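Please consider how the ligand is held and how one strand is placed within the fold. The sequence and the structure follow.

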Amino acid sequence: MKVIEHIKNTNKTLFSFEILPPLKGESIQSLYKSLDPLMEFQPPFIDVTYHREEYVYKRKDNGLLERRSVKKRPGTVGICAAIMNKYNVDTVPHIICGGFNREETENALIDLNFLGIDNLLVLRGDPIKSEIYFSAENDGHSYASELLMQVSDMNKGIYLDNDLRNTVSTDFCIGVAGYPEKHFESPNMFSDIHFLKKKVEAGAEYIVTQMFFDNQKYFDFVKLCRENDIHIPIIPGLKPIATKKQLTLLPQRFHLNIPSELVNLIIKSKNNDEVRNIGIEWAINQTRELIEFGVPCIHFYTMGKSDNIQKIVQKFI
Ligand code: FAD
């Protein structure tokens with residue numbers, strides 16, 4: 001079933017989860033181990049992230065360094081299929097512009113369609129880790145809205161080769177990313193909302209937000225979207241803080257603010273067990289307030305760990 005149908009068919013707040021493919025060389029069992037405890041909450045869908053290649057440097061016998069391109073977390077499509085098969089739950093693979101030209105994107109979409117996957121989160125993707133700016137492949141897409149148009153075309157039976165006859169139309173439900181604290185490259189919030197609206201006009205049916213720790217940011221973002229004629233569901237994304245290190249890692253990686261009250265609690269804590277409990281309590285309060293606000297679904301970023309998410313969600317079941 002499509003994400004948008006899950007949202008329309010419910011009168012209570014749903015809980016969905018986002019997982020990462022295991023690191024190359026690890027077994028899928030590690031992923032099942034963290035997903036198993038979450039399945040009791042009957043998530044309507046599970047997102048699986050996509051990780052593009054990055055560069056690693058290997059020292060050769062002659063002492064020189066060789067740059068290699070490596071995908072450290074391959075397997076997004078296979079994991080989606082495995083999860084659907086094991087748990088009978090809908091999956092949402094993330095697809096990105098980075099690293100794909102249009103034909104490779106088309107072929108990936110054909111694979112997903114053959115597997116019976118009818119949901120996608122369409123993204124641009126970040127720059128390669130060692131690079132500052134995002135650059136598109138030759139004949140690839142520069143922005144999520146362009147990739148979205150390719151998916152929308154396939155939903156109408158329009159493929160790249162217009163000599164193809166009697167083509168099958170795909171039927172993907174398309175979600176996109178939104179940023180309550182603005183995307184880091186955007187000059188201001190209004191510009192970001194302007195381009196978010198382009199994604200909606202190109203066929204996005206719902207938005208999932210970047211994580212935030214202050215619900216007011218989400219409420220303001222929803223208001224701004226509605227004022228700018230963006231009326232599709234906006235699913236808030238939450239992540240409980242779990243380590244002291246994340247106080248600096250999360251703002252650096254995701255370009256967000258952490259409220260002083262939460263920062264102070266974490267700084268004062270004696271160890272990461274305490275931090276974990278603080279993160280859980282904070283996320284429980286965020287969840288409670290978001291449910292009261294009437295959000296259709298709350299999306300939890302698991303980042304490979306589920307015990308803290310389990311403690312949060314079970315408070316509301
Ligand atoms: P876009 O919507 O293309 O926007 C990127 C920037 O360009 C924004 O600043 C926007 O305002 C601007 N912009 C958009 N269109 C135009 C235009 N036509 N002209 C000028 N400026 C424009 N990354 C991964 O690699 N894999 C994942 O699985 C993944 N999952 C994610 C899930 C969620 C819920 C979120 C919020 C993010 C995820 N990301 C993932 C990160 C995402 O790829 C990055 O944040 C990326 O930098 C932007 O992606 P986007 O789809 O929002 O890009």
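A residue is called buried when its relative accessible area is under 20%, exposed when it is over 50%, and partly exposed in between, with a 1.4 Å probe and protein chains only. The model is predicted: local features need pLDDT of at least 70 and side-chain atom pairs count only at pLDDT 80 or more, while totals for chains, interfaces and linings use all residues. Residues are numbered from 1 along each chain as its sequence is written, and side-chain values use heavy atoms, with hydrogens and water left out.

Strand S9 (residues 234-238; strands are DSSP runs of E, at least two residues, and helices runs of H or I, at least four, numbered from the N terminus) has five of its five residues buried. Ile234, Pro236 and Leu238 point one way from S9, whereas Ile235 and Gly237 point the other way. In a regular strand, side chains alternate between the two faces of the sheet.

S9 runs parallel to S8, joined by three bridges; strands pair if DSSP finds at least two bridges between them. Met211 stands opposite Gly237 of S9. From S8 the chain passes through helix H7 (residues 215-227) to S9 in a right-handed β-α-β crossover, that is, clockwise from the first strand over the helix to the second with the strands pointing away from the viewer. S9 also pairs in the parallel sense with strand S10 (residues 297-301) over two bridges, and Phe300 in S10 is the bridge partner of Leu238.

The ligand is surrounded by 23 residues, each with a heavy atom within 4 Å of it. Helix H6 gives the most to this shell, with three residues.
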